Each structure stands twice: as structure tokens, then as C-alpha cells.
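User: Pick one part of this model and give it a close look, please. I'd like to know what surrounds it and where the backbone does something unusual.

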Amino acid sequence: MAAVAIFAIGMVGALALFAPVAKSVTNVGDTESAARVADAIRARLQALPYETALTLIQDPVEVRRKDADGSYNPNLGTRYPAVIFGKPSGEIGLFDTTSGRQRWYDSRNVVLNDADKFFEIDLIRNTTLTPVEGDELSPFVAYTVRVRWPSFVATPGAITGMQVGAGGGGAVAIDNSKKQVMFFTGALPR
């Protein structure tokens with residue numbers, strides 16, 4: 001009996017180690033996906049006309065203001081069209097401001113549903129390297145890619161998702177403190 005009790009206690013302790021290990025493996029996978037998203041952003045920006053790509057790079061003061069606003073909802077594309085969303089696969093969606101479209105579309109022109117919006121991405125201008133005043137002469141615009149996740153958590157069996165921090169109905173309170181964050185650098189050549 002004593003041997004069985006000791007074995008059971010040991011097994012419970014060993015099984016308790018699996019949850020943190022599984023969480024760590026998930027975090028590593030998400031971090032690798034975030035790096036793929038950053039690469040996809042750089043490639044997609046290079047494919048856009050310079051002036052169009054430049055509209056996606058946000059002023060750091062504006063980004064700080066949005067982050068401090070408790071009611072800021074990045075999923076309001078008509079109000080925040082520079083926010084980019086990404087899938088875990090590395091595909092990103094840009095907001096199309098064209099009348100009648102006004103949704104996020106991936107590189108194949110397919111709508112990104114909320115359930116696909118795992119990464120929330122902001123391109124933040126590096127005003128130290130490339131101040132706005134020097135845009136006419138600068139050969140590039142430097143920026144930082146901020147990737148936060150999870151932006152939405154998929155709802156099983158649906159194309160919708162729930163934003164992290166959203167409660168049961170009513171106004172959505174976005175809780176960025178529960179998100180992972182990574183930063184990457186980039187430059188938009190003229």
C-alpha cells in the first residue's frame with residue numbers, strides 16, 4: 001500500500017510538469033509565427049506603392065495615445081485603417097478603405113475573418129532615424145513592427161472570434177496586458 005501511495009504521489013508530481021512544458025512549446029510556436037508575420041509585412045510593403053505603404057506607418061505619439069485609451073478597439077478599421085492583422089500561418093491582412101470593401105484582405109484578396117486575426121500589428125515610425133520633416137530627402141522610412149497576440153481567440157466552429165479581454169456581451173474591453181509582444185525593425189525604401 002505504501003509503495004502504491006508513493007508511486008501515485010510521484011506520478012501526480014510528474015504530470016504537473018506537463019502543463020508548463022506544453023505552454024512553453026506553444027509560446028515558442030507563436031514566437032516563430034510572429035517572426036514569419038514580420039517577414040510577410042516587409043514583403044507586402046515592398047509590393048505596395050510607396051505612398052500607400054507610408055500610410056500604414058503610424059506616428060509613435062498616436063500609437064501611445066491609442067494604447068492608453070481603455071476603449072481603443074483595433075478592429076474598427078474605418079477608424080484605425082493602419083492596424084494590420086496576421087494569421088498564425090504568417091499571412092497578413094491590410095484594411096481596404098475602398099467604399100463597399102472596408103475589411104481586412106490578405107495577399108490573395110480573401111477577407112480575414114475575426115477568427116483568423118491572431119496577431120495585431122502596428123508599424124511605428126522611428127522618428128529618430130527618419131523624422132517626418134526629412135521625408136522629402138530621405139531614401140527610406142525606418143519603422144518598428146510591433147506584433148501582439150492573441151488578438152482574437154477563435155470561437156469553435158465559427159468564422160467569428162472573441163477579442164482577448166472581451167466579457168459576456170456589451171462593450172468590448174481590450175486587455176493588452178494579457179498579450180505577448182515582439183518587436184522587429186524595418187525600413188520602407190523610397
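Analyst: Let's start with the vocabulary: helices (H or I, at least four residues) and strands (E, at least two) are DSSP runs, numbered from the N terminus. On that basis the protein has four helices and nine strands, and reading from the N terminus the elements go α-α-α-β-α-β-β-β-β-β-β-β-β. Keep in mind that this is a predicted model, where local features need pLDDT of at least 70 and side-chain atom pairs count only at pLDDT 80 or more, while totals for chains, interfaces and linings use all residues. Residues are numbered from 1 along each chain as its sequence is written, and side-chain values use heavy atoms, with hydrogens and water left out.

A bit of context for the chain as a whole. Of the 190 residues in the protein, 38% are buried (under 20% relative accessible area; exposed is over 50% and partly exposed in between, with a 1.4 Å probe and protein chains only). Take the contacts (heavy atoms within 4.5 Å) between residues at least 6 apart in sequence: 66% of them join residues at least 24 apart.

The part I'd zoom in on is β6, residues 140-149. β6 is mostly covered, with eight of its ten residues buried. What does β6 pair with? Strands count as paired if DSSP finds at least two bridges between them. With β5 (119-125), β6 runs antiparallel and shares six bridges. If you want to find your place in that pairing, look at Leu123, whose bridge partner in β6 is Val145. The other pairing is with β9, residues 180-189, again in the antiparallel sense, and here there are ten bridges. Step one residue along to Arg146 and you'll find Phe183 of β9 standing opposite. As a rule, in a regular strand the side chains alternate between the two faces of the sheet.

Now follow the chain back into the loop between β5 and β6, where two residues deserve a look: Ser138 and Asp135. Ser138 counts as buried because its relative accessible area is 13%. Its side chain gets to within 2.4 Å of the backbone oxygen of Phe140. That is a polar contact (a pair of N or O atoms within 3.5 Å; within protein, one must be able to donate a hydrogen and the other to accept it, and residues adjacent in sequence count only if both atoms are side-chain atoms). Leaving out residues up to four places away in sequence, Ser138 touches Thr130 and Arg190. Asp135 is buried too, since its relative accessible area is 15%. Setting aside neighbours within four places in sequence, Asp135 is in contact with Leu54, Arg125, Val141 and Arg190. So Arg190 turns up on the contact lists of both Ser138 and Asp135.

At the far end of β6 comes a backbone oddity. The peptide bond between Trp149 and Pro150 is cis, with omega at about -10 degrees. Pro150 sits in the loop between β6 and β7 (152-154), and because its relative accessibility is 19%, Pro150 counts as buried. For a through-space landmark, the C-alpha atoms of Pro150 and Glu120 are separated by 7.6 Å, with their positions 30 residues apart along the chain.

Where else does the backbone stand out? It helps to recall that most residues other than glycine have a negative phi, and most peptide bonds are trans. Gln102, not a glycine, has a positive phi of about 35 degrees. You'll find Gln102 in the loop between β3 (92-95) and β4 (104-105), and it is partly exposed because its relative accessible area is 38%. Asn109 likewise is not a glycine and has a positive phi, of about 70 degrees. Asn109 is in the loop that links β4 to β5 and, at a relative accessible area of 47%, is partly exposed.

One last link takes us back to β9, the strand that pairs with β6 over ten bridges. Asp39, in helix α2 (residues 18-47), is 145 residues from Phe184 along the chain, yet their C-alpha atoms are separated by 9.3 Å. Asp39 itself is partly exposed, since its relative accessible area is 48%.
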